[in-house]
Amino acid sequence: MALDVSLDAVTSRLGDVPAILVEDAAAASADFLLCALITRLSPAEDGRERRLGGEGAGSPVWWTGAVHRAETAAEANLLAGIAADFDAVHYLAGGHLAAFLAPALLGRRDLSVAEALRLQAVATEFAVRVGQVIKDRARANGFHVTPLVGGLSMVYALALADGHDPDRVKWCLRLFLSTFRSDYGLLGSDGRLYQMTQAMRQAYAAVAEGGAHARPDLPSARAWWRPLAALGIPLDSPDGPSDRSAGPSDRWISSDRFTDLKPMPCCAYFFSALAVVAGLRGRLDTGAVRRLEVRVPRYVFAAHRPAADGFWLAPFDLDHNIAICWLLRRNSWTPLPELTRDEVRRMRELVHVHVVSDDLPVTAVAVTEDGTEVTATESADTPRPVDGTDRRHAALWQKHDTVRRRLGPDWSAPRTDEGAERLLRDLLAGSAADVRGLTAGLPLLNGALQ
């Protein structure tokens, strides 16, 4: 009921979106375009190319020079942006919202950039309210939250863009929930890509079908959230919705915490452990150790999926990313390799991760060559990525700078001194070009990033 009150209220005031939330939407979308661009610059480790289905003109497949119908282009852009798990996360919602909203809204020819960003901000607010109710319980019960909350936010945004009234919007949401499930166990495989694209397809289908139905079931539409009970979420219990989701509908709770832009291509649950490891490495004169012991809470380790042979990108392999963090002496890097396969492999063999209870902090212990043990423990003073502070867009500029240095003078660099929306507009203007030819022959190592 609280969600419905907020849904009805926000739907009626699309023109009254706070400017800071529009800017946050612009930053998240610009970040996603840069993630897609970096993917296009990265060599495919298995040598495979995905073939795009469908014909017809309409929307660009970013950074490839290709044009396809909107749904096909959006799916290809989603895959490019999420491939390295480098794209932004909205923690209040529990997932990667821009992965759905940026390709779906920015690919529509009937929306201006300003209109798309307002819709994205409104859909983000809706997703945050939904996420506050379901994200923790859904994840605990083995469901992948991003395609669920991201898919719902996309349905909501597209239904609003099509001009549907609140009851028709809810009918589309009910259709989406009636057929979609997700499996957290597939997180470290291509199953994650399948889940995300399937959620996007079903979001498009729910809005197309729901908008055309002559006889929607209004009682079911007005209880659109009922299928969530199948995820083990007791929406009818007194402790179901959180205080945030049940808060006043005239307050934008998505402003309580903005989108977090990721400074490294790995699962965000690993960030606390990597911050501790980077802090410990910074205290030592040399990185040579006998072993590196890292104790992480159970909820962090739950996202760990060992990679069989990850050279550089292994977003859900905690040991692998700890090894990279230790060798680089920092908890920030990009999908473009900076180390050799052997360097990463040798360090990974020295990493030992242990699981502790969720109420204990991350602890890292380095055993040096002379047997000395040096310990670092997570605390309020642990260095964190700068996003969330007054420099919350720093990771965005870092990604932009990486691309600029990578492509060199052949690439017309967007302006970064006029804010995230200006950067987004410049990126969109350039995204119709094929950048892949600009990278021929460039080295992957030997200081390419520096």
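Thirty-five residues, or 35 in figures, line the second largest pocket, and Val89, Tyr91, Ala268, Tyr269 and Phe271 are the ones nearest its centre. The model is a predicted one, in which local features need pLDDT of at least 70 and side-chain atom pairs count only at pLDDT 80 or more, while totals for chains, interfaces and linings use all residues. Residues are numbered from 1 along each chain as its sequence is written, and side-chain values use heavy atoms, with hydrogens and water left out.

A pocket here is an open set of points on a 1 Å grid over the protein atoms alone, with protein on both sides within 12 Å along at least five of seven lines; a cavity is a set of points where a 1.4 Å probe fits but cannot get out, and lining residues have an atom within 4 Å of a point. The second largest pocket holds about 770 Å³ of space (a volume is the space filled by probe spheres set on the points, and grid points are joined across faces, edges and corners). Which elements give two or more residues to its lining? They are α5 (113-140), α6, α8 (191-212) and α10 (271-282); such helices are DSSP runs (H or I, at least four residues), numbered from the N terminus. Helix α5 gives the largest share, three residues. Sorted by class, the lining of this pocket has 17 nonpolar, six polar and twelve charged residues (Ala, Val, Leu, Ile, Met, Phe, Trp, Tyr, Cys and Pro count as nonpolar, Asp, Glu, Lys and Arg as charged, and the others, Gly among them, as polar).

Now for the cavities. Two of them reach 30 Å³ or more, and the largest has about 110 Å³ of space. It is lined by 15 residues, with Asp24, Ala25, His90, Thr124 and Thr259 closest to its centre. Both α2 (19-41) and α5 supply at least two residues of this lining, and the largest share, four residues, comes from α2. The lining of the largest cavity splits into eight nonpolar, six polar and one charged.

Next comes helix packing. Two packed helices are described by the angle between their axes and the distance between the axes. Axes are lines fitted to C-alpha atoms, for helices over the stretch in contact, and angles run from 0 to 180 degrees between N-to-C directions. Helix α6 (residues 145-161) packs with α4 (residues 98-106) at about 30°, the axes being 8 Å apart. That makes α4 roughly parallel to α6 (angles under 35 degrees count as roughly parallel, over 145 as roughly antiparallel). The crossing of α4 past α6 is right-handed, meaning that the near helix is turned clockwise from the far one by less than a right angle. On the α4 side the contact (heavy atoms within 4.5 Å) is made by Phe100, Leu101, Ala104 and Leu105, and on the α6 side the residues include Pro147, Gly150, Met154 and Leu158. This contact has eight nonpolar, four polar and no charged residues.

Helix α6 also packs with α8, again at an angle of about 30°, with the axes 9 Å apart. The two are therefore roughly parallel to each other, and their crossing is right-handed. Among the residues in contact are Thr146, Met154 and Val155 of α6 and Gln195, Met196 and Tyr204 of α8. By class, there are twelve nonpolar, three polar and no charged residues.

What is the angle between α5 and α6? It is about 150°, and their axes lie 9 Å apart. These helices are therefore roughly antiparallel to each other, with a right-handed crossing. Leu119, Phe126, Lys135 and Arg139 are among the α5 residues that meet α6, where the partners include Val145, Leu152, Tyr156 and Ala161. The residues of this contact come to 16 nonpolar, two polar and two charged.

Last, there is Ser220, which sits in helix α9 (residues 218-222). Its C-alpha atom is 8.7 Å from that of Lys170, although the two residues are 50 places apart along the chain. Neighbours within four places in sequence aside, Ser220 is in contact with Trp171 and Arg174.

Note on methods:
Angles under 35 degrees count as roughly parallel, over 145 as roughly antiparallel, 65 to 115 as roughly perpendicular and the rest as oblique.
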